[in-house]
Amino acid sequence: SDERFEYVSYLPFPVKNLGRSGDTAEMMVNRFDTDVLPFKPKYLFILGGTNSIRGGTSGESVISSLQTIKDKCIASGIIPIFLTLPPVNPDRIQRVFDQSTADNWQNELQEVNSFIKSQPYFIDIYPALVDKNGYLPVKYAQDGLHPDISGKKIIAASINNFLQKKKIKY
């Protein structure tokens with residue numbers, strides 16, 4: 001509702017953000033045909049799996065969902081561009097949402113990020129959003145999960161840098 005909290009607001013080209021707060025990677029797969037295909041995009045930025053990992057879903061399961069999204073993209077002539085998963089901040093998530101975070105979230109997240117970094121097109125946002133303890137700093141996400149304005153600007157800058165480096169036309 002507030003454009004300042006949308007990373008697409010900081011990009012110099014039109015983007016339709018189809019993300020839904022709270023979605024798991026599996027939910028993203030289930031929405032692909034109805035939510036992505038009608039727009040016939042040339043590229044699809046894919047950032048998903050954080051809610052799954054935080055909730056205890058294995059990295060392997062998240063990777064399977066991301067692979068399915070990739071396969072659907074390729075079958076539809078869409079170039080998938082993955083973004084690595086940012087860290088979370090379990091203490092803040094507990095305080096804000098009164099929800100716990102899976103004990104093994106960091107290992108599972110790293111497994112997913114390793115998969116993402118093996119893809120032909122990926123944008124590594126993790127290093128720019130992690131603190132020395134491996135958490136998402138409060139300065140980037142008050143709730144410990146959803147990047148705020150400063151975090152969204154970092155994501156947008158990472159996308160812009162990637163597109164310039166790869167010389168991808170939008």
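The exercises below, each with a worked solution, concern a predicted model.

**Exercise 1. The sheet**

Task: Determine the strand order of the sheet and state which strands stand at the edges.

Solution:
- The sheet is open and consists of 3 strands, ordered β1-β2-β3, with parallel pairing.
- β1 (43-46) and β3 each have a single partner strand, so one side of each has no neighbour in the sheet.
- Strand β2 (residues 79-83) runs parallel to β3, and 2 bridges join them.
- For L83, the bridge partner in β3 is I123.

**Exercise 2. Aromatic pairs**

Task: Count the aromatic pairs, then classify the pair F82 and F115 and the pair W105 and Y135.

Solution:
- A pair of aromatic rings is described by two quantities, the distance of the centres and the angle of the planes.
- The count is 3 aromatic pairs.
- One of them is F82 and F115, with 6.3 Å centre to centre and 75° between the planes. Planes over 60 degrees apart count as edge-to-face, and the pair F82 and F115 is therefore edge-to-face.
- F82 belongs to strand β2 and F115 to helix α5 (residues 105-116), so this pair ties together parts 33 residues apart in sequence.
- F82 has a relative accessible area of 1% and is buried; F115, at 13%, is also buried.
- W105 and Y135 form another pair, at 6.0 Å centre to centre and 45° between the planes. An angle that is neither under 30 nor over 60 degrees counts as tilted, and the pair W105 and Y135 is therefore tilted.
- W105 lies in helix α5 and Y135 in the loop between β3 and α6, so the pair links distant parts of the chain, 30 residues apart.

Task: Are W105 and Y135 buried, partly exposed or exposed?

Solution:
- Buried means under 20% relative accessible area, and exposed means over 50%.
- W105 has 5% relative accessibility and so counts as buried.
- Y135 has a relative accessible area of 25% and is therefore partly exposed.

**Exercise 3. Residue L136**

Task: Locate L136, classify its burial and list its contacts beyond four places in sequence.

Solution:
- L136 sits in the loop between β3 (122-123) and α6 (149-166).
- The relative accessible area of L136 is 0%, so L136 is buried.
- With neighbours within four places in sequence left aside, the contacts of L136 are P87, V88, N89, L129, A141, G144 and L145.
- From C-alpha to C-alpha, L136 and Y126 are 9.2 Å apart in space, and they are 10 residues apart in sequence.

**Exercise 4. Helix α1 and the residue D23**

Task: Compare the end-to-end span of α1 with that of a straight helix, and identify what covers its buried residues.

Solution:
- α1 has 12 residues, and a straight helix would reach 16 Å at 1.5 Å a residue.
- The end C-alpha atoms of α1 are only 14 Å apart, short of that value.
- The buried residues of α1 are A25, M28, V29, R31, F32, D35 and V36.
- Their cover includes β1, α2 (50-54) and α3 (59-75).

Task: Describe where D23 lies, how accessible D23 is and what D23 touches.

Solution:
- D23 is in the segment before α1 (25-36).
- The relative accessibility of D23 is 8%, so D23 counts as buried.
- Neighbours within four places in sequence aside, D23 is in contact with M28, R31 and N51.
- The side chains of D23 and R31 are joined by a polar contact of 2.6 Å.
- M28 and R31 are among the buried residues of α1.

Technical notes
Residues numbered from 1 in each chain as written. Predicted model: local features only at pLDDT ≥ 70, side-chain atom pairs only at ≥ 80, totals over all residues. Heavy atoms only, no water. Buried < 20%, exposed > 50% of the residue type's maximum accessible area, 1.4 Å probe, protein only. Polar contact = N/O pair within 3.5 Å; in protein donor to acceptor, adjacent residues only side chain to side chain. Contact = heavy atoms within 4.5 Å. Pairing = 2+ DSSP bridges. Phe/Tyr/Trp six-rings, centres within 6.5 Å; stacked < 30°, edge-to-face > 60°. Expected span 1.5 Å × (residues − 1).
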